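Dear colleague,

I am passing on a model for you to look through, and below it you will find an account of what came out of it. Please read the account with the coordinates open beside you.

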Amino acid sequence: MTSYNIYRLKNLGLPALKDIDDLAAAVRLSPSKLSYFSYRARYLYKVYEVSKKDGRKRVIAQPNRELKAVQAWILRSILDKLSTSPHSKGFDLGTSILENAAPHQGANYVLNLDLENFFPSIKASKVFGVFRSVGYNKNVSNLLTNFCVFDGCLPQGAPTSPKLANLICAKLDARIHGYAGPKGIVYTRYADDLTLSAQSAHKIEKARHFLGTIISSEDFKINKKKTKVCGTKRQKKVTGLVVSQSGIGIGRQKLRETRAKIHHLFTGKNQNYNHVNGMLSFIYSVDKKSYGKLYRFIETMKIKYPDSPAYNKLHRKSIKSHQSVGRAS
């Protein structure tokens, strides 16, 4: 490794790894153990399937404890120190679906696109390119890549995959923004969900037809079944949140559904507190006004059903400081 590359790595705050011995010392494992992990990594995963909402299967490849620890070190010591695209709103610290939806508030038209088989579409060669681009030599880059891929692509289940996907998608983000930005179209990406918004239907329709060229040239494929354009007469959603002129939130339907689930807990028709508390915690994080309404509904249910154990088991946080937060309704 040249002195220039060492300086570059240190300037980025990255460990200056010259060979497997340096990496072994950093992760506190023997070089022989790391070599074994590198060449036998594909056998160190538990592979299983989970069902998607559309009935199809998603393959999860979960690394074993030791390999996952090495991946966690790579994520913490290298990947998390690298900046991703400003248009990427998922997987990174400080990003959220709320931050992804906010730039699209006030738009008349919203285009939602989904990248099909997102993680499996990202091949080992692009992962190798990330490590080479920051200054690691070929041998170290190969080692780091082998720790992070499964069957030649990013595994859904490894802690390194989300950040690597964002870093690799930086070029895709730049190209889409390069097309959209000058035309007054707002673009954000949350993992494999791409959103573009504008005031003009014509702009959105042109973008819809043109983006396929950019996306395919970056080795991704659009899931046409999930492509959707929402105009002035349709409710606009961005990563599950309702976006309107007045605000961003969970929407009336989700609010009614949550109220019904809370009511069922108080009346004994449902005992799944974990599910409802998870919903309440999520709503608290993205829509304080709706959470305030649910908070007050829980207080009402306590009076109506004083003997129910639900009140003491439900998620409740003070919302006094959030009463003025707007919500899409």
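**Salt bridges**

Glu99 and Lys89 form a salt bridge in which the closest N and O atoms are 3.6 Å apart. Please keep in mind throughout that this is a predicted model. Glu99 belongs to helix α5 (residues 97-101), whereas Lys89 sits in the loop between α4 (65-77) and α5, so the pair ties together parts that are 10 residues apart in sequence. The two partners can also be described by their accessibility: Glu99 has a relative accessible area of 30% and is therefore partly exposed, while Lys89, at 13%, is buried because the limit for that class is under 20%.

This pair belongs to a count of 11 salt bridges. Side chains of opposite charge can pair when their charged atoms come close.

Another of the pairs is formed by Glu205 and Arg208, with 3.8 Å between the closest N and O atoms. These residues are 3 apart in helix α10 (residues 201-217), which means that about one helical turn separates them. Glu205 is partly exposed at 31% relative accessibility, and Arg208 is partly exposed at 35%.

A further pair is made by Lys254 and Glu257, whose closest N and O atoms are 3.6 Å apart. Lys254 and Glu257 lie in helix α11 (residues 251-267), and because they are 3 residues apart there, they are separated by about one helical turn. Lys254 has a relative accessibility of 37% and counts as partly exposed, and Glu257, with a relative accessible area of 32%, is partly exposed as well. Elsewhere, Lys171, Arg175 and Glu218 are joined into one network by salt bridges that share partners.

**Overall picture**

The protein has 329 residues, of which 44% count as buried. Its secondary structure consists of 14 helices and 9 strands, and the C-alpha trace spans about 70 × 55 × 40 Å along its principal axes.

**Cysteines**

How many disulfides does the count come to? The count comes to 0 disulfides, the rule being that two cysteine sulfur atoms must lie within 2.5 Å of each other. For Cys153, which is in no disulfide, the nearest cysteine sulfur is that of Cys148, at a distance of 13 Å. Cys169 is likewise in no disulfide, and the nearest cysteine sulfur to Cys169 is that of Cys153, 14 Å away. As for their surroundings, Cys153 counts as buried at 12% relative accessibility, and Cys169 is buried with a relative accessible area of 0%.

**Charged surface**

Which residues form the positive surface patch? The patch is made up of Lys53, Arg58, Lys226, Lys228, Arg234 and Lys237. Lys53, one of these residues, is placed in the loop between β1 (45-51) and β2 (57-63). With a relative accessibility of 90%, Lys53 counts as exposed, because that class begins at values over 50%.

**Backbone details**

Two residues deserve a look in a backbone plot. Arg28 has a positive phi of about 65°, although Arg28 is not a glycine. Arg28 is found in the loop between α2 (20-27) and α3 (31-40), and at 77% relative accessibility this residue counts as exposed. Thr239, also a residue other than glycine, has a positive phi, near 40°, and its place is in the loop between β7 (236-238) and β8 (241-243).

The last item concerns Gly278, which is located in helix α12 (residues 273-286). Gly278 is partly exposed, its relative accessible area being 39%. Between the C-alpha atoms of Gly278 and Leu314 there is a separation of 9.7 Å, and the two residues are 36 residues apart along the chain.

With best regards

Technical notes: Residues are numbered from 1 along each chain as its sequence is written. This is a predicted model: local features need pLDDT of at least 70, side-chain atom pairs count only at pLDDT 80 or more; totals for chains, interfaces and linings use all residues. Side-chain values use heavy atoms; hydrogens and water are left out. Patches are made of residues with over 30% relative accessible area and no salt bridge: like charges are joined within 9 Å, nonpolar side chains (Val, Leu, Ile, Met, Phe, Trp, Tyr) within 5 Å. Accessible areas come from the Shrake-Rupley method with a 1.4 Å probe; for residues, only the protein chains shown count as cover. A salt bridge is a side-chain nitrogen of Lys or Arg within 4 Å of a carboxyl oxygen of Asp or Glu. Lys and Arg count as positive and Asp and Glu as negative; His and the chain ends are not counted. The place of a charge is taken as NZ of Lys, CZ of Arg, CG of Asp or CD of Glu. Helices (H or I, at least four residues) and strands (E, at least two) are DSSP runs, numbered from the N terminus. Buried means under 20% relative accessible area, exposed over 50%, partly exposed in between (1.4 Å probe, protein chains only).
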